[in-house]
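This report concerns charged side chains and how they are arranged. The structure is shown below.

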Amino acid sequence: MENKAAYSHRDPMLKKRDDFEDILEERRNSSDLRYALRCYTPVLYKNLIPCDASALKTMVLQSDQVHYVISQVSKETGRTAEDLQEEASGIVEEMAHRLQLSTVRFFAFALSKVFKTLFKSICVNEDGIQRLQQAIHEHPVVLLPSHRSYMDFLLMSLILYTYDLALPVIAAGMDFMGMKVVGEMLRMSGAFFLRRSFGGDKLYWAVFSEYVKTILKNGLAPVEFFLEGTRSRTSKSLTPKLGLLNIAMDPFLKGEVFDISLVPVSISYERILEETLYAREMLGVPKPKESTSGLFKARKILSEDYGSIHVYFGQPVSVRSLAEGRVNRCQFSLTPRHIPKRASEDVQTFVNEAAYSLVRAQEENMVLKPWVLLASILLQSEDLDRGIPLAELTEQALWLKDLCRQYGGFLHWPDQMTPSEVVSSSLTLHHGLVRVSEGKVHLALNKEAQAGPVTPEEQVLSRAVPVISCASYRNQALHVFVRPALLATAVHTAATNNKQEVYNTFSFLRNLFANEFILCPNATVQDFEEACFLLEKTGVVQLNEQEIIVTHRGHRTMGFLSRMLLPFIQGYQVVCAFLCEEASDVLTEKEFVPAVRTFLIKKLLAGTLRYPEVLSSDLQKNALAALLRLGAVRKVKRAEQTSLKVNKVTVNSLEDTLGGKLPTPRAAAARL
Amino acid sequence: MHVFRYYSTLVSSYIYPCVCVCVCVCVCVCFFFFHRQDIMKWNGWGYSDSRFLYNKKGQAEFTGKRLLKTTFIPILNSTAVQVPTINEAFVEEIKTTGIPFSSDAEDRVFRGHGHCLHEIFALREGKIGRVPDMVVWPSCHNDVVKIVELACKNNVCLIPFGGGTSVSSALECPPEETRSIVSLDTSQMNRILWIDEKNLTAHVEAGIVGQDLERSLNESGYCTGHEPDSMEFSSLGGWVATRASGMKKNIYGNIEDLVIHIKMVTPRGVIEKSCQGPRMSTGPDIHHFILGSEGTLGVVTEVTMKIRPLPEYQKYGSVVFPNFEQGVACLREVAKRRCAPASIRLMDNEQFKFGHALKPQVSSIFTSFLDGLKTFYITKVIQRLRPQPLVCGHPVVRGDREKVLQHEKQVYDIAAKFGGLAAGEDNGQRGYMLTFVIAYLRDLGMDYYLIGESFETSVPWDRVLDVCRNVKARIIRECKDKGVQFPPLSTCRVTQTYDSGACVYFYFAFNYRGLSDPVHVYEQVEHAAREEILANGGSLSHHHGVGKLRKGWMRETVSDVGMGMLKSVKEYVDPSNIFGNRNLL
């Protein structure tokens with residue numbers, strides 16, 4: 001409840017944000033070679049204990065933790081300590097970075113060339129850079145960029161190099177290592193590689209956590225990793241993964257460093273390089289394996305215009321102040337610190353909530369382009385094929401611009417241009433997704449039309465590609481609207497003005513969509529109050545003790561907001577319907593997505609479903625995760641496979657509740 | 001009645017230059033020990049005419065009645081002291097016993113405080129809170145028995161007072177106490193009752209002050225070897241009541257290792273063991289209810305403690321390390337091999353400089369000492385130069401000559417492995433000298449807007465570096481957050497080594513110009529520093545005790561059950577809370 005006061009009456013309009021500077025501008029005016037070869041003398045951590053990459057490996061292998069785990073595993077499995085020691089050094093070799101300035105210089109040179117052709121500008125907030133520089137000097141730093149593209153970490157290193165900041169070491173997925181030369185190049189530019197899953201491999205965990213901790217404790221370099229764990233294909237922030245954050249906080253919690261600074265970095269792309277790739281992946285075309293040759297094939301993208309990138313280095317967050325009053329650090333003083341121990345409940349909750357607040361910090365500073373608003377409006381149009389008249393689109397965009405700003409969105413709307421210029425330049429940049437014909441704007445639904453015989457099913461899928469791409473742009477703005485939108489939906493669904501009942505519905509929806517949007521756990525009341533505050537401030541609703549009343553002029557906003565969530569609601573509904581109607585007893589987890597897809601295509605063809613967006617496998621997986629979390633579906637392990645056991649009664653009632661046919665269940669702890 | 005005391009021989013056995021300075025001041029002073037405030041400051045540390053001050057030329061001077069003409073003794077304004085709450089019946093009955101007592105304002109104020117910063121600061125500002133209503137001076141065990149009986153009979157609150165050197169607010173009178181508070185000053189119980197050379201024990205009255213005890217034993221060729229930093233003023237009873245630790249504990253042990261037998265008068269009667277066996281298996285050791293009881297259960301009246309023959313030879317030494325980490329590693333190794341000299345301490349770089357600033361020269365010890373002081377205060381505290389990575393450890397070795405030299409070599413060999421360079425005896429001595437002047441320095445500081453304090457903890461070896469780093473950093477951060485305008489002095493030293501850990505001391509001072517309530521800021525910072533110590537696996541206290549200053553952390557320190565056990569002991573021994581100083585629990 002402590003954060004409550006901080007949230008409830010902070011006007012998002014008043015949020016202070018820094019100005020940007022374009023780093024490509026200088027690259028266009030001066031020699032890339034000189035830039036790549038210039039003197040590089042970054043500010044380092046004040047208590048730095050210098051050590052090179054090979055000394056680091058030795059430190060890790062000789063650490064108490066690794067020794068302890070080796071002896072444990074040796075006892076458990078009967079393998080000899082030497083054998084395990086060898087395995088450990090194998091793991092370190094496979095994992096370790098080999099940061100070399102020369103490689104970074106090469107990348108700086110090559111990437112400058114590439115970025116200049118791809119992007120109009122790469123804008124960085126210089127104040128953030130200065131804050132970061134100070135943070136690096138004071139404490140070990142963890143960089144937490146958002147993850148939307150493969151480019152993210154190269155871009156980060158390039159920016160840090162440009163501003164003469166200490167180069168980070170980056171946790172990268174093992175899949176990159178498959179790309180022979182490139183993998184090694186990345187390693188030399190500071191990447192270290194992690195296996196995606198190592199289950200219960202204690203030794204791997206010990207070596208890897210010790211590796212990260214040693215870098216942090218000695219302040220060798222800022223450690224960079226992606227809280228979301230993987231690239232978000234949908235441009236929505238993903239539920240944070242806690243493993244690395246846990247490791248990164250450990251040295252502070254155990255008193256091995258005075259503090260650690262966590263720096264959320266928001267990287268926003270005006271146009272995502274992988275946009276169609278992602279959409280196809282969502283629709284079941286498997287993602288191509290990372291390979292060097294694939295990268296070269298991708299070079300045709302060089303001829304396209306990808307607009308600008310905004311990189312915002314957020315306010316460094318001190319782990320110490322986050323943990324103040326939340327974690328009792330004495331709990332670590334009764335066992336030797338090198339013995340791995342399961343985190344206690346308060347630490348787990350703390351890390352989880354910290355992770356959410358960091359992802360929210362990333363979201364807050366994501367720059368939104370006008371196109372994001374246009375995409376949101378286009379997706380809400382009555383008929384996707386017919387589109388919206390250009391003038392109407394412009395008018396709606398202007399209206400939404402104000403709403404977005406009032407809700408605290410970090411919108412970059414070029415105010416010096418006329419609205420129609422802004423709209424038309426956005427449409428031009430995204431010409432692959434949107435067409436203007438006869439004064440009407442509509443999605444490019446027929447672009448994918450292929451030669452040869454096309455089944456109706458294939459047609460449905462190909463029509464969904466631009467919709468899903470477009471949705472990913474709308475998703476960029478979701479964090480701005482999600483709380484008010486949940487409230488608007490709750491008001492609609494509850495069909496009453498009673499505040500308590502609206503709250504119950506809000507709480508139900510929020511709980512259901514916890515895998516879909518970034519909604520901090522245990523913050524239902526804060527979120528509700530924040531939503532009420534925003535809607536009341538913009539004159540959409542009037543609030544009193546018992547009631548929430550939608551004002552006359554508020555209907556437009558309410559309508560827009562609830563339509564924004566409709567595809568999600570319909571998606572979850574239809575997943576429920578599938579589970580009730582079609583799911584056999586032997587449905588396995590693997591078969592789930594393809595089976596749902598077939599079911600949905602049938603429905604879309606029959607015209608009973610409105611939103612092609614529901615075909616997104618991301619949405620289906622999130623729905624399944626939510627149902628699992630709510631206990632409506634259970635996993636049953638059978639031999640090699642995991643099958644899904646559906647509680648049809650619960651799923652059915654969920655479906656009906658979503659459809660507004662059933663009242664929402666009473667919220668457990670409604671403290672209003 | 002009046003006890004005369006001769007101070008000429010006072011500290012002649014010391015070889016520390018600084019302590020010599022103190023001796024100069026007090027040469028041939030005769031006075032009534034009864035009224036200690038005549039020679040001791042009532043509002044600061046030490047003897048009343050010994051203090052540092054800056055003269056008009058900007059040099060620091062150490063004043064003393066007989067040394068310099070400038071004398072400045074602040075006079076207590078008696079009207080500022082509350083009217084005493086007298087329990088008439090108790091007074092009448094005390095009169096019949098013939099035990100001396102007083103309700104004089106000065107007597108009462110002097111016994112109403114210890115030496116915490118906030119206590120001294122308030123006194124300097126002339127703010128006097130609740131003080132004892134009366135002082136009694138028992139002169140033997142039986143006097144104490146009578147006083148405690150009368151106190152129980154008349155429901156009077158008793159607060160035992162030994163040397164008055166508490167730094168845990170233990171002597172502060174609880175403001176909520178409505179009964180008459182009587183301070184039981186043990187200073188007249190200061191005799192060595194017997195020395196047993198066969199068993200090497202001495203039976204001593206608990207009011208004896210550390211330096212007197214050592215001096216008297218030295219005359220017979222013995223010592224206890226118990227030398228806490230406060231030994232100039234602190235008393236044997238106080239050591240027992242707080243679980244004191246001496247700097248030479250590596251050879252002689254801490255107070256709990258030194259005591260053989262304790263006699264304590266409680267409201268239930270006298271508690272003592274029936275024999276003087278060196279160790280007993282008779283259930284939980286009842287001495288451990290007394291050690292560290294902080295005056296909540298009764299008054300310690302007589303103690304039998306171990307004595308040792310005086311060492312033939314003692315030698316100081318010092319080692320300089322490239323950094324603090326190496327120094328700690330060396331100490332850890334010394335402790336591991338159990339070859340620690342009588343005392344071994346490791347200062348961080350800032351403190352090494354502090355000690356250096358106090359370096360005397362042969363030509364004129366006094367001037368250079370003061371010059372050093374001046375340099376320190378001006379350059380290090382006020383302006384804070386960037387420190388160099390130098391650290392000093394300084395062992396004292398005691399024993400017979402050959403063994404000492406052998407031992408010394410062993411320690412230096414270990415030090416060499418950790419990059420330590422021998423830095424001579426002088427540096428070693430200076431390290432110890434700092435210990436004794438530090439309290440005087442605080443008073444000088446306060447005249448120049450500097451307030452500071454030291455506090456201690458004990459911590460396992462693997463956390464020593466972490467505690468030192470984090471606590472120092474926390475102090476600096478808290479000062480900044482609380483609006484302190486100049487970077488504070490935040491320094492530490494490792495002062496004791498044990499098999500499994502060490503005792504760490506922190507010194508901290510800041511310039512309080514521009515702060516409206518410096519003491520409050522100070523307390524907040526100290527509180528935060530203690531939180532940090534605990535969060536990093538340090539203990540609540542190594543030897544200062546809990547008092548009232550730290551009792552908020554007792555429950556988490558000893559667990560609920562532990563608290564319950566202590567409480568039930570208190571309830572049995574002192575059901576009507578006669579010993580009502582409210583320390584510890």
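In this predicted model, R634(A), R638(A), K645(A) and K648(A) form a positive surface patch. One of these residues, R634(A), belongs to strand β17 of chain A, which covers residues 633–638.

Charged side chains also occur in pairs. Side chains of opposite charge can pair when their charged atoms come close. Over all chains, a search of the whole structure finds 66 salt bridges. Three of them are listed here.

| Salt bridge | Closest N to O distance |
|---|---|
| E138(A) and K46(A) | 3.2 Å |
| E516(A) and K236(A) | 2.3 Å |
| D285(B) and K273(B) | 2.9 Å |

The pair E138(A) and K46(A) has its closest N and O atoms 3.2 Å apart. E138(A) is in helix α8 (residues 126–138) of chain A, while K46(A) is in the loop between α3 (32–37) and α4 (53–61) of that chain, so the salt bridge ties together parts that are 92 residues apart in sequence. E138(A) is partly exposed, its relative accessible area being 29%. K46(A) also counts as partly exposed, at 45% relative accessibility.

The salt bridge between E516(A) and K236(A) has a distance of 2.3 Å between the closest N and O atoms. Here both residues are in loops of chain A: E516(A) in the one between α22 (499–512) and α23 (524–537), K236(A) in the one between β6 (223–224) and α12 (243–253), so the pair ties together parts that are 280 residues apart in sequence. Are these two residues buried or exposed? E516(A) is buried, with a relative accessible area of 2%. K236(A) likewise counts as buried, at 5% relative accessibility.

In chain B, the side chains of D285(B) and K273(B) meet in a salt bridge of 2.9 Å, N to O. Both residues lie in the loop between β13 (269–271) and α10 (287–290) of chain B, so this pair ties together parts that are 12 residues apart in sequence. D285(B) is partly exposed, with a relative accessible area of 32%, whereas K273(B) is buried, with a value of 16%.

Salt bridges also join into a network. Which residues are linked in this network of salt bridges? They are R320(A) and R329(A) from chain A, together with R474(B), E478(B), K482(B) and E532(B) from chain B.

How values were computed
Residues are numbered from 1 along each chain as its sequence is written. Chains are lettered from A and ligands numbered from 1 in the order in which they are written. This is a predicted model: local features need pLDDT of at least 70, side-chain atom pairs count only at pLDDT 80 or more; totals for chains, interfaces and linings use all residues. Side-chain values use heavy atoms; hydrogens and water are left out. A salt bridge is a side-chain nitrogen of Lys or Arg within 4 Å of a carboxyl oxygen of Asp or Glu. Helices (H or I, at least four residues) and strands (E, at least two) are DSSP runs, numbered from the N terminus. Buried means under 20% relative accessible area, exposed over 50%, partly exposed in between (1.4 Å probe, protein chains only). Patches are made of residues with over 30% relative accessible area and no salt bridge: like charges are joined within 9 Å, nonpolar side chains (Val, Leu, Ile, Met, Phe, Trp, Tyr) within 5 Å. Accessible areas come from the Shrake-Rupley method with a 1.4 Å probe; for residues, only the protein chains shown count as cover. Lys and Arg count as positive and Asp and Glu as negative; His and the chain ends are not counted. The place of a charge is taken as NZ of Lys, CZ of Arg, CG of Asp or CD of Glu.
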